[in-house]
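Biologist: Let us go through this model by question and answer. Keep it brisk, please.

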Amino acid sequence: SPEGAPFPEVLIVADEGWVPAPSHPAHEVGVGTVVIRLGLRQNGTEAWVGGAARAGTGVDLEVVIPDDADPDAHLIGVATALRAHDIDPRHVFALPEAYLKSYQPTGQWPTGTSPAEAALAAGRAFPHARVGVGMLTNFTEVNRCRPPRLGDYVTHSTTAIVHAADDRSVFETLETLPRILADDAAFARGVHDRVAEGEADLSRTVRLGLTAIGSRGNAFGATDAPNPGRVRKAMAGNDPRQIGLIAAAYAIGVASRMADGGVEAFAASSLAGPFGVASEAGRYPIFFAVQALRRFSGRATVALHRLPDGAHGVAVVGDEPGSVHAVIANATDTEVVVALPTGATFRRLDEWTAPASSVDAGWLDGPRETVGADGTVTLPRYALVFASWSGVGA
């Protein structure tokens with residue numbers, strides 16, 4: 001990442017059924033801002049909304065406006081309902097129902113409420129919030145329906161299994177993110193409208209929604225692909241890798257791309273549900289990836305050098321002068337060797353340590369090993385290393 005730039009804010013997404021009881025292990029991940037999505041026919045009066053807001057320290061809001069609704073009336077109603085929950089969103093993104101689907105550039109586009117009209121209505125209903133423009137689905141839809149030149153940030157989500165669902169293809173999607181994020185930044189600045197760079201809007205930022213392996217919404221069909229057998233399947237919402245090391249490694253890969261791309265915020269997971277970090281029985285590996293990234297939010301980034309092919313990582317400055325905290329993931333199904341400063345301390349999350357970590361909320365802060373004189377740590381397939389050191393960087 002650009003050294004010294006703040007690491008993005010790491011968000012948690014919330015939907016109906018994704019907010020567990022306060023005693024659930026998922027809450028121990030360190031919840032910051034919760035992104036509450038009010039889907040079609042939801043208006044903010046739902047009981048789960050208050051629980052979602054209480055789970056975190058702040059609220060961002062996504063609202064689907066029904067096609068048959070007046071956008072101002074609907075959003076004012078949502079704002080009123082949220083005030084009853086004492087919810088005052090920091091960010092609001094509203095999108096007409098019709099734009100949950102994908103349209104060919106030369107095809108018939110919706111004729112009802114436009115994304116620009118929805119954004120303006122959101123600004124009127126939530127005058128103290130920053131307003132987003134973009135899509136609730138993936139970059140393809142944003143690219144086909146370019147964000148209007150209004151609002152405060154550009155947003156969309158990402159899915160790793162649109163075209164293929166094998167492990168290699170999942171990690172190959174990381175290679176697409178730099179170009180996507182560069183285009184997002186251009187959309188935010190307005191330069192895609194052929195505005196001269198000197199006249200670009202530098203106040204708008206990029207805040208991404210869920211950046212998971214699984215699909216949260218299908219812009220090309222009625223629903224996500226049914227997956228009752230929980231197999232590796234394109235466009236499925238309940239991807240089986242969510243509970244294993246692969247989801248954790250993928251989250252670190254995404255995080256490294258988000259930091260490099262100058263993103264202001266992105267959502268790594270939910271608490272429970274198909275994108276959750278834990279079950280009642282214990283914590284998944286992604287719990288610790290998200291926990292570490294949450295701690296990184298807002299800290300100045302530090303460049304990581306000499307990472308081997310297939311490894312991804314992020315590093316930030318610590319509280320003590322000269323100290324660094326890093327997390328590095330092996331995004332391959334073979335062993336890789338990572339170079340770290342001699343004397344660095346680390347915890348390794350792999351197939352052998354994952355069972356013990358699942359029942360220990362404080363695993364990340366537990367006893368650490370020390371990097372030896374050879375300055376290397378071996379990472380088995382899809383393993384993660386959480387490391388800290390002072391002085392010379394890696």
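Biologist: How does Arg295 count by its relative accessibility, and at what value?
Modeller: Note that the model is predicted. Buried means under 20% and exposed over 50%. Arg295 falls in between, so it counts as partly exposed, at 40%.

Biologist: Which residue does the side chain of Arg295 meet in a salt bridge?
Modeller: The N to O distance in this pair is 2.9 Å. A salt bridge needs a nitrogen and a carboxyl oxygen within 4 Å, so the pair qualifies. The partner of Arg295 is Asp365.

Biologist: How many residues apart are Arg295 and Asp365?
Modeller: Arg295 sits in helix H8, residues 285-296. Asp365 lies in the loop between helix H9 and strand E16. The pair links distant parts of the chain, with a separation of 70 residues.

Biologist: What is the relative accessible area of Asp365?
Modeller: Exposed means over 50%. Asp365 passes that cut-off, so it counts as exposed, with a relative accessible area of 54%.

Biologist: Which residue forms a salt bridge with Arg299?
Modeller: The closest N and O atoms in this pair are 2.8 Å apart. The pair links distant parts of the chain, 20 residues apart. Arg299 is in the loop between H8 and E12, and its partner is in the loop between E12 and E13. That partner is Asp319.

Biologist: Which of Arg299 and Asp319 counts as exposed?
Modeller: The cut-off for exposed is over 50%. Arg299 has 25% relative accessibility, so it is partly exposed. At 64%, the residue that counts as exposed is Asp319.

Biologist: Which residues do salt bridges that share partners join into one network?
Modeller: Shared partners link these salt bridges. Three arginines take part: Arg90, Arg130 and Arg207. The acidic members are Glu9, Asp60 and Glu264.

Biologist: Arg294 has no salt bridge; which side chain of opposite charge is nearest?
Modeller: Arg294 is found in helix H8. It is buried. The nearest side chain of opposite charge is 5.5 Å away, so it misses the 4 Å cut-off. That side chain belongs to Glu9.

Biologist: Which residues does Arg294 touch, not counting those up to four places away in sequence?
Modeller: Contact means heavy atoms within 4.5 Å. On that basis, Arg294 touches Val10, Gly30, Val31 and Gly32.

Biologist: What is the N to O distance between the side chains of Arg168 and Glu172?
Modeller: Both residues lie in helix H5, residues 167-172. They are four residues apart, about one turn of the helix. Arg168 is exposed at 65%, while Glu172 is partly exposed at 36%. Their side chains meet in a salt bridge with an N to O distance of 3.3 Å.

Biologist: How many salt bridges does the count come to?
Modeller: Side chains of opposite charge can pair when their charged atoms come close. With the 4 Å cut-off, the count comes to 22.

Biologist: How many residues of strand E13 are buried?
Modeller: Strand E13 covers residues 323-330, eight in total. The strand is largely enclosed by the rest of the structure, because the number buried is seven.

Biologist: Which residue of E13 is the bridge partner of Val314?
Modeller: Strand E12, residues 311-317, runs antiparallel to E13, and seven bridges join them. The two form a hairpin with five residues between them. Gly322 in the turn has a positive phi of about 80°. In E13, the bridge partner of Val314 is Val327.

Biologist: Which residue of E18 is the bridge partner of Val327?
Modeller: E13 also pairs with strand E18, residues 384-390. They run antiparallel, joined by seven bridges. In E18, the bridge partner of Val327 is Phe386.

Biologist: How far does helix H6 reach from its first C-alpha to its last?
Modeller: H6 has 13 residues, numbered 177-189. Its buried residues include Leu177, Ile180 and Phe187. What covers them includes helix H4 and strand E8. The reach is close to the span expected at 1.5 Å a residue, and comes to 18 Å.

Biologist: What is the radius of gyration of the chain?
Modeller: The chain has nine helices and 18 strands. The globule rule gives 21 Å for 394 residues. The chain is close to that, so it is as compact as a globular protein of that length, with a radius of gyration of 21 Å.

Methods. Residues numbered from 1 in each chain as written. Heavy atoms only, no water. Buried < 20%, exposed > 50% of the residue type's maximum accessible area, 1.4 Å probe, protein only. Pairing = 2+ DSSP bridges. Expected span 1.5 Å × (residues − 1). Lys, Arg positive; Asp, Glu negative; His and termini not counted. Rg over C-alpha atoms; globule rule 2.2 N^0.38 Å.
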